[in-house]
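Me: Please take a close look at one pocket in this model, and then set it within the rest of the chain. I am new to this structure, so careful wording and spelled-out terms would help me.

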Amino acid sequence: MSHDSRGRMCAGRTALESGGLLVVLLLLWWCASHLEWVSKVFLPTPEATLASLMEGLGWTSVDDGMSVGLAGFTVSTVGRMVMGWLLASMGGMLLGALIGISGGVRAWLQPTLEFVRPLPASAVLPLAISIFGLSPAMVLFVVAFGAMWPVLLATVHGFANVEPRLREVSQALQMGRSDFICKVGLPSAMPDILAGMRLSMTVSLIVSVVGEMIASQSGLGQAILLAARSFRASELFAGIVLLGLIGFASNALLSLAERRLLRWQHP
């Protein structure tokens, strides 16, 4: 049996096992809600959650006459997530390349990076509110700040671990710093950078939702918070399911892009 055939069989078996686990979890959810192991006030049935999800995505009218739908909230959250992720990726790659290319700069900035890196993005919210107020720019700033660190640290690591012989070749060819970054350092560090960008996308989604909850910005975070305060459990779970689907889809797209960009690693 060829290596490709074995790989396809393993991938198929993994997908089947993952699907089986999902079915088991859905059955447990169904039993817990229908048999009232947990009150339906807090745990709606899967059918009620699906109904709320479909109604929300199709836009529905509420009692006060305002048109509210998960589709609009989803667009706001995804747009905020993607914009923050792009800013974080560009800033992280630029700063990471400048830091990672020089051992002296890395040694000089390492203590500062280790001090700032563990700060949770939520801790920066009061500072961002004082600067930007309760505005979309505030949430975008916090998202970019929180999502930048995985890309920055991955880029620093990738550039710091460039093959020494490649550095020697670049010196022999008298490459400038910009040429070394673009032609040698970036291709070598790309696996680390792409892994950091995948993690950064997850962070940007989380911080976007938290920022929407705290700053009362339109999005799934605000929709989930309002549903929780109103004890609308099915709408709350519909928002959570939708967030999970967004995270799954974004990770799958980045995984596909990563495989295509790194095809040269697996001839």
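Reply: A residue counts as buried when its relative accessible area is under 20%, as exposed when it is over 50%, and as partly exposed in between, using a 1.4 Å probe and protein chains only. By that rule, 37% of the 267 residues of the protein chain are buried. This is a predicted model, in which local features need a pLDDT of at least 70 and side-chain atom pairs count only at pLDDT 80 or more, while totals for chains, interfaces and linings use all residues. Residues are numbered from 1 along each chain as its sequence is written, and side-chain values use heavy atoms, with hydrogens and water left out.

The pLDDT, which is the predictor's confidence in each residue on a scale from 0 to 100, has a mean of 81 over the protein chain, and 90% of the residues reach 70 or more. Confidence is highest in helix 3 (residues 70-100), at a mean of 90, and lowest in strand 2 (residues 67-68), at 44. Over residues 59-68 the pLDDT is below 50, and this stretch has twelve contacts in the model beyond near neighbours in sequence, a contact being heavy atoms within 4.5 Å.

As for the overall make-up, the protein chain has ten helices and two strands, these being DSSP runs numbered from the N terminus (helices are H or I with at least four residues, strands are E with at least two). Along the sequence they follow the pattern α-α-β-β-α-α-α-α-α-α-α-α. Among contacts with a separation of 6 or more, 67% join residues that are 24 or more positions apart.

The part to look at closely is the second largest pocket, with a volume of about 240 Å³. A pocket here is an open set of points on a 1 Å grid over the protein atoms alone, where a 1.4 Å probe fits and protein lies on both sides within 12 Å along at least five of seven lines; lining residues have an atom within 4 Å of a point. Grid points are joined across faces, edges and corners, and the volume is the space filled by probe spheres set on the points.

Which residues line the second largest pocket? They are Leu22, Leu26, Leu27, Trp29, Trp30, Pro46, Thr49, Leu50, Leu53, Val241 and Leu245. Two or more lining residues come from each of helix 1 (3-34), helix 2 (46-57) and helix 10 (233-261), and helix 1 gives the largest share, with five residues. By class, the lining has ten nonpolar residues, one polar residue and no charged ones, where Ala, Val, Leu, Ile, Met, Phe, Trp, Tyr, Cys and Pro count as nonpolar, Asp, Glu, Lys and Arg as charged, and the others, Gly among them, as polar.

The helices that supply this lining also hold or border other features. Alanine 51 is found in helix 2 and is partly exposed, at 35% relative accessibility; the C-alpha atoms of alanine 51 and glutamate 235 are 9.0 Å apart in space, although the two residues are 184 apart in sequence. In the loop between helix 1 and helix 2 sits glutamate 36, which has a positive phi of about 55° although it is not a glycine, and which counts as exposed at 54% relative accessibility. Phenylalanine 231, in the loop between helix 9 (220-229) and helix 10, is another residue other than glycine with a positive phi, near 55°, and at 59% relative accessibility it too is exposed.

Away from the pocket lining, helix 3 contains threonine 74, which is buried at 15% relative accessibility. A polar atom of the threonine 74 side chain lies 2.6 Å from the backbone oxygen of leucine 70, and, leaving aside neighbours within four places in sequence, threonine 74 is in contact with Leu220, Leu242 and Ile246. Helix 3 also contains alanine 88, buried with a relative accessible area of 1%. The C-alpha atoms of alanine 88 and serine 204 are separated by 8.8 Å, with their positions 116 residues apart along the chain.

Finally, serine 208 lies in helix 8 (residues 177-215) and is buried, at 0% relative accessibility. A polar atom of the serine 208 side chain lies 2.7 Å from the backbone oxygen of serine 204. Not counting residues up to four places away in sequence, serine 208 touches Arg80, Met81, Val139 and Val143.

Technical notes. A polar contact is a pair of N or O atoms within 3.5 Å; within protein, one must be able to donate a hydrogen and the other to accept it, and residues adjacent in sequence count only if both atoms are side-chain atoms.
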